[in-house]
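Reader: Can you walk me through this one? I would like to start with the helix packing and then go through the odd backbone spots.

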Amino acid sequence: MALIIAVGLLLSIILLYCVYSKWKFQHWTRKGVPQLNPRLFFGDTLPLVRGQALKDFHLGLYQKFKSTGAKCVGIYNAHMPELVPIDIILLKDIMVKDYSYFSSHGVFYHEKNVLTSHLFNIEGQSWKERRTKLTPVFTSAKMKQMFDTVASKSPGLVRLVGLSADANKPADIKEILSRFTTDVISGAAFGLECKSLYEPDNMFRAIGKEAFEPNALKLYIEYLFPRQLLGSIGYQTFSSRIVSYFSKVVNETIQYREKNNVQRNDFMQLMLQLKQHGSLVKEDGSVDVKKTETQITDREILSESFLMFLAGHETSSSTSTFALFALSQNQDIQEKVRNEINEVLERHNGKLGYDALMEMEYLDKVIRETLRKYPTVPVIPRRCTKDYQIKNTNTVIDKGTRLYIPVIGVHLDPEYYPDPERFDPERFSPENKAKRPDIAWMPFGEGPRQCLGMRFGLLQSKVALASLLPTFRFTINKAMKPPYIADAGTLVYMFKQDVLLDATRIN
């Protein structure tokens, strides 16, 4: 009898679960939004569980529903309803015009997770105050001040590629460029001589590798469970090794500089000015009148330094890698940008300076076309912070709903970029840019939550290419064969296989 009761109870639970699931999986249908065909337990995430990359999942979703004229498509992460906006006007409303309804990225952070409470993750009033404090740090004038720090690492980059060229061996270009940007960001952010280009096994490089190691389970946990719950049970995004080492480096740097009154042209110096004065100090020593409401704290400096380290070295190395990969497939474009670099350098007595770099207009187009075809973050998460009615519809997006901005879908949309798989820097001529919506290019996001470090990221990538292309001609090594599959388990777009290029010295 007990067995019969137990079996009956189990069957009742299963039946109730199925009924509940069916009701939950009709959420978007009830709102008049087209949706996929969610499955029990997984919703629509089974392809991701099986190893499909976020980039490919959302590109397929965008292309399928864009052809139907849908403004958006509803999906389910387990039972949670989520939304993917497709219509370009709706995308602009979400990211720019009505951003206050979607001002959160909806990603995990917690006060006990000290390295996660940075500008990309935090939200609400905390984000507004932090954004106000940090915006002056990333102006064009500040980038010019830091140019020499970035450029000083380029000889090591040229040397390392030269070792592969002289040995007639393929260059693992992503690894080489990651070592370059690690050295750049450690110098520009902390004033430290990391020397990854000479010592590949140093701790900074190891941290970068570990932090970006694909981990689908971690992403799933952080998206499925409320952040306050994860924080209360002591969940940690990063290993104790990363937390302890990075915290030690930043705190010791702060203490040393304050004790010895060290002055450098780097991000750390600018943040220490914000800590001490509540504003930045001008070149003549006077304090800028644009003072923030509150001064930045050591804890905030730590979290923002970590964001600079992660974003600064990974996004730029990926962009430079994809640029050289694309140029290796398009030798005519590679030669054209090389000629421009050489011509500009000749006008500046062979010296690569900030002003010279800004004159390289075709190089800028190459970088922008690279970010179009290979956006470092192909899908940008957002969360609805208050009920929002989609314009000219009866559809209401409920507060708390997660959204995914399909950057990769828009960037490969033939409506905005004819023959989108073709690599063509002239898409970014003034005439061609004027033909499409400005939001059709958004590798750094758009609107008030656009990435503050965009200028610095572009600067690093341009310095890398302007340093390498006059010396080397790049082609794809025969060991690197299509299809070029995106890696899964990470928000960052990278190939699953190594990017192996043959570098040949130019006489």
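Author: What follows goes through helix contacts, two buried residues, some backbone geometry and a surface patch. Note that the model is predicted.

Reader: Fine. How do α16 and α18 cross?

Author: Their axes come within 8 Å and cross at roughly 140 degrees. Helix α16 covers residues 331–347 and helix α18 covers residues 361–373.

Reader: Is that oblique or roughly antiparallel?

Author: Oblique, because roughly antiparallel needs an angle over 145 degrees and the angle here is roughly 140.

Reader: Which residues meet there?

Author: From α16, Ile 333, Lys 336, Val 337 and Glu 340. They meet Glu 361, Tyr 362, Leu 363 and Val 366 in α18.

Reader: And α15 against α18, what is the angle there?

Author: Roughly 100 degrees, with the axes coming within 9 Å. Helix α15 runs over residues 298–329. The two helices are therefore roughly perpendicular to each other. On the α15 side the contact is made by Thr 319, Phe 322, Ala 323 and Leu 327. On the α18 side it is made by Val 366, Ile 367, Thr 370 and Leu 371. Val 366 also appears in the contact with α16.

Reader: Take Thr 370. Buried or exposed?

Author: Thr 370 is in helix α18 and counts as buried because its relative accessibility is 0%.

Reader: What is Thr 370 in contact with, sequence neighbours aside?

Author: Leaving aside residues within four places in sequence, Thr 370 is in contact with Thr 319, Phe 322, Ala 323, Pro 375 and Phe 423. Thr 319, Phe 322 and Ala 323 are among the α15 residues in the helix contact.

Reader: Switching to Cys 72. Where is that?

Author: In strand β1, residues 72–77. Cys 72 counts as buried, at 4% relative accessibility.

Reader: What is in contact with it, beyond four places in sequence?

Author: Cys 72 is in contact with Val 33 and Pro 34, with Leu 83, Val 84, Pro 85 and Ile 86, and also with Leu 90 and Ile 390.

Reader: How far is Cys 72 from Gln 334?

Author: They are 38 Å apart in space, C-alpha to C-alpha, and 262 residues apart in sequence.

Reader: Backbone now. Which peptide bond is cis?

Author: The one from Pro 482 to Pro 483, with omega near 5 degrees. Pro 483 sits in the loop between β8 (472–476) and β9 (500–505).

Reader: What about phi at Lys 195 and Asp 419?

Author: Phi of Lys 195 is near 60 degrees, and phi of Asp 419 is near 50 degrees. Both values are positive in residues other than glycine.

Reader: Why is that worth flagging?

Author: Because most residues other than glycine have a negative phi, and, for the earlier item, most peptide bonds are trans.

Reader: Where do those two residues sit?

Author: Lys 195 lies in the loop between α9 (173–190) and α10 (203–211). Asp 419 is in the loop between α19 (407–411) and α20 (430–433). Lys 195 is partly exposed, with a relative accessible area of 42%, and Asp 419 is partly exposed at 44%.

Reader: Last topic, the surface. Which residues form the nonpolar patch?

Author: Leu 40, Phe 41, Phe 42 and Val 49, with about 360 Å² of accessible area together.

Reader: And Leu 40 itself, where is its place?

Author: In the loop between α2 (27–30) and α3 (46–49). Leu 40 counts as partly exposed, at 36% relative accessibility.

Notes. Residues are numbered from 1 along each chain as its sequence is written. This is a predicted model: local features need pLDDT of at least 70, side-chain atom pairs count only at pLDDT 80 or more; totals for chains, interfaces and linings use all residues. Side-chain values use heavy atoms; hydrogens and water are left out. Patches are made of residues with over 30% relative accessible area and no salt bridge: like charges are joined within 9 Å, nonpolar side chains (Val, Leu, Ile, Met, Phe, Trp, Tyr) within 5 Å. Accessible areas come from the Shrake-Rupley method with a 1.4 Å probe; for residues, only the protein chains shown count as cover. A salt bridge is a side-chain nitrogen of Lys or Arg within 4 Å of a carboxyl oxygen of Asp or Glu. Helices (H or I, at least four residues) and strands (E, at least two) are DSSP runs, numbered from the N terminus. Buried means under 20% relative accessible area, exposed over 50%, partly exposed in between (1.4 Å probe, protein chains only). Axes are lines fitted to C-alpha atoms, for helices over the stretch in contact, and angles run from 0 to 180 degrees between N-to-C directions. Contact means heavy atoms within 4.5 Å. Angles under 35 degrees count as roughly parallel, over 145 as roughly antiparallel, 65 to 115 as roughly perpendicular and the rest as oblique.
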